[in-house]
Amino acid sequence: MTLRITVIGCGYLGATHAASMAELGFEVLGLDVDEAKVESLTEARVPFFEPGLEPMLRKHVESGRLQFTTSYAEAAAFGDIHFLCVSTPQRDGELAADLSHLEAAVDSLSPLLDRSCLVVGKSTVPVGTATRLAARIREVAPAAEEARLAWNPEFLREGYAVDDTLHPDRLVFGLPREHDGVAEAALREVYAEPIASGTPVVLADLATAELAKAAANSFLATKISFINAMAELCEATGGDVAVLADAIGHDPRIGRKFLNAGLGFGGGCLPKDIRGFMARAGELGAGDALTFLREVDAINERRRKRVVDMAADLVDRPWPSAKVAVLGAAFKPDSDDIRDSPALNVAGRLHLFGAAVTVHDPQAMENARRSWPTLRYADSVVEACRGAHVVLVLTEWQQFTEVDPGMLAEVVAVPSVVDGRNCLDPEVWRAAGWAYRALGRP
Ligand code: UGA
């Protein structure tokens, strides 16, 4: 009999996971406490932008293989495997992660688990959480020892979520140190297809599986801040950080990926994960091990100020009489996610200085408008740039990198541009008459 899978929490991670599990052939029930989200997903509408997700969702909703609910009782009765995909954001006013959604999910589900099943955590959590939750489930669930817990951290990137789920680089199965093999067998069954096509499986204890996620995101954040620190040195010496990244990136031990200098990292993961990791290390008495992440965070924060300063250098008038075009609101291209968006952070600062800031983004306008209602918004690049004294390219959408600088020079008041993502060709823009500035480049 095919496994029946529930996915608890249907945000970016959960909705993608649910549709992908259906794509792999399982019967899937997605659960979310947000009725509007459940209604939208039931009608095969993805409530956020993720390339490739909607057609896959529609296919399986229409075939009946994928359904959604708000009822834990239904989920508990349905599932052989329950994936926990709820968000673990940063706590207000603290570095640590807020586990309230995760704990609420476990508390709602556990008392209803009355037969053999596996709960699989995918959310990013402070190390130690899985062991604690496993004990709680065992204690509360009528199925007791037959309600098992495993941790299977998620490494998907927004914008590539479908592909990353169906063809992951690796699968990490975190299992209690002494286990009877049932949970491992179930996970191997779930991921039989990617495993058969060569995806490596790393077996780990629960703590190591939790650490794997925090360590991966910390490494990626460190890599970005490293190249951004090099950009600061390039600015001090007249070097070119884009060439430097190529020069070191050809070394396969270093690798060119995630060495794009610019405005730095944002989003719902990297910033809060490095902070949560530092907070947890401190609680464990191992804070010294991660003090370098404070520097990683500080370098990243400095990028935002640097872009504002660069724009100020280019603008020949006080901010209250300046028009600024900001191209980009999402924290990265191919996403409508504006959580901790570096682009909106810069736009917000300039707005507070009194500039008239007009933002355009191909997908994130609605989200941006909701969170930053005092900024102006334009429906196209040209409209955002009309009459601007400086243009800031802050998210590297293809629509922006392909824009014709000659045409745009006709629209702006002053042809000056800050390339916050090192994504434009300086020679082409300068040849079209633009004053061009970028982080870490002459
Ligand atoms: C990140 C990780 O890459 C995923 O592996 C992980 O699963 C996910 O967090 C998560 O924890 O859920 P994501 O937040 O989608 O994925 O975004 P990334 O592609 O990692 O980009 C993060 C930020 O770094 C973006 O703001 C991007 O513009 C910036 N970045 C990326 C750079 O500034 N330079 C680079 O070279 C690469």
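## Starting at the edge of a sheet

Let's begin with two strands: β10, covering residues 356-360, runs parallel to β11, and 2 bridges join them. One spot to look for in this pairing is Thr-358, which stands opposite Arg-376 in β11. Keep in mind as you look around that this is a predicted model.

Now zoom out. β10 and β11 belong to an open sheet of 6 strands, paired in parallel, and the order across it is β11-β10-β9-β12-β13-β14. Which strands sit at the edges? They are β11 (376-377) and β14 (435-438), each of which pairs on one side only.

## A helix across the sheet

Have a look at helix α14, made of residues 342-352, which lies across three strands of the sheet: β9 (323-327), β10 and β12 (390-393). If you compare directions, α14 runs at about 160 degrees to β10.

## Strand β6, covered on both faces

Another strand worth a visit is β6 (147-151). Is it buried or exposed? Mostly covered, as it turns out: 5 of its 5 residues are buried. On one side you'll find Ala-147, Leu-149 and Trp-151, on the other Arg-148 and Ala-150, and both of these faces are covered.

β6 has a parallel partner in β5 (residues 117-121), with 5 bridges joining the two. Within this pair, Val-120 stands opposite Ala-150 in β6.

## The second largest pocket

Stay with β6 for a moment, since it also helps to line a pocket: the second largest one, with a volume of about 180 Å³. β6 gives the most to this lining, with 3 residues. Helix α6 (129-140) is the other element that gives two or more residues.

To find the pocket on screen, pick out Ala-134, Arg-138, Glu-145, Ala-147, Arg-148 and Leu-149, then add Pro-176, Glu-178, His-179, Asp-180 and Ala-183. What kinds of residues are these? The lining of this pocket splits into 5 nonpolar, 1 polar and 5 charged.

## The one cavity

How many cavities of 30 Å³ or more are there? The count comes to 1, and about 150 Å³ of space lies inside this cavity. Its lining takes in 14 residues, and those nearest the centre are Val-125, Pro-126, Asp-273, Gly-276 and Phe-277.

Two helices, α10 (206-237) and α12 (270-283), each supply at least two residues of the cavity lining. The biggest giver is α12, with 5 residues. By type, the cavity lining holds 7 nonpolar, 3 polar and 4 charged residues.

## Two residues with a positive phi

Most residues other than glycine have a negative phi. Here are two that go the other way. Phe-258 is not a glycine, yet it has a positive phi of about 65 degrees. You'll find Phe-258 in the loop between α11 (241-249) and α12. Its relative accessible area is 36%, so Phe-258 falls between the 20% and 50% cut-offs and counts as partly exposed.

The other one is Asn-422, with a positive phi of about 45 degrees, and it isn't a glycine either. This residue sits in the loop between β13 (416-419) and α19 (426-431). Is Asn-422 buried or exposed? Its relative accessibility is 18%, and buried means under 20%, so Asn-422 counts as buried.

Methods:
Residues are numbered from 1 along each chain as its sequence is written. This is a predicted model: local features need pLDDT of at least 70, side-chain atom pairs count only at pLDDT 80 or more; totals for chains, interfaces and linings use all residues. Side-chain values use heavy atoms; hydrogens and water are left out. Two strands pair if DSSP finds at least two bridges between them. Helices (H or I, at least four residues) and strands (E, at least two) are DSSP runs, numbered from the N terminus. Contact means heavy atoms within 4.5 Å. Axes are lines fitted to C-alpha atoms, for helices over the stretch in contact, and angles run from 0 to 180 degrees between N-to-C directions. On a 1 Å grid over the protein atoms alone, a cavity is a set of points where a 1.4 Å probe fits but cannot get out, and a pocket is an open set with protein on both sides within 12 Å along at least five of seven lines; lining residues have an atom within 4 Å of a point. Grid points are joined across faces, edges and corners, and a volume is the space filled by probe spheres set on the points. Ala, Val, Leu, Ile, Met, Phe, Trp, Tyr, Cys and Pro count as nonpolar, Asp, Glu, Lys and Arg as charged, and the others, Gly among them, as polar. Buried means under 20% relative accessible area, exposed over 50%, partly exposed in between (1.4 Å probe, protein chains only).
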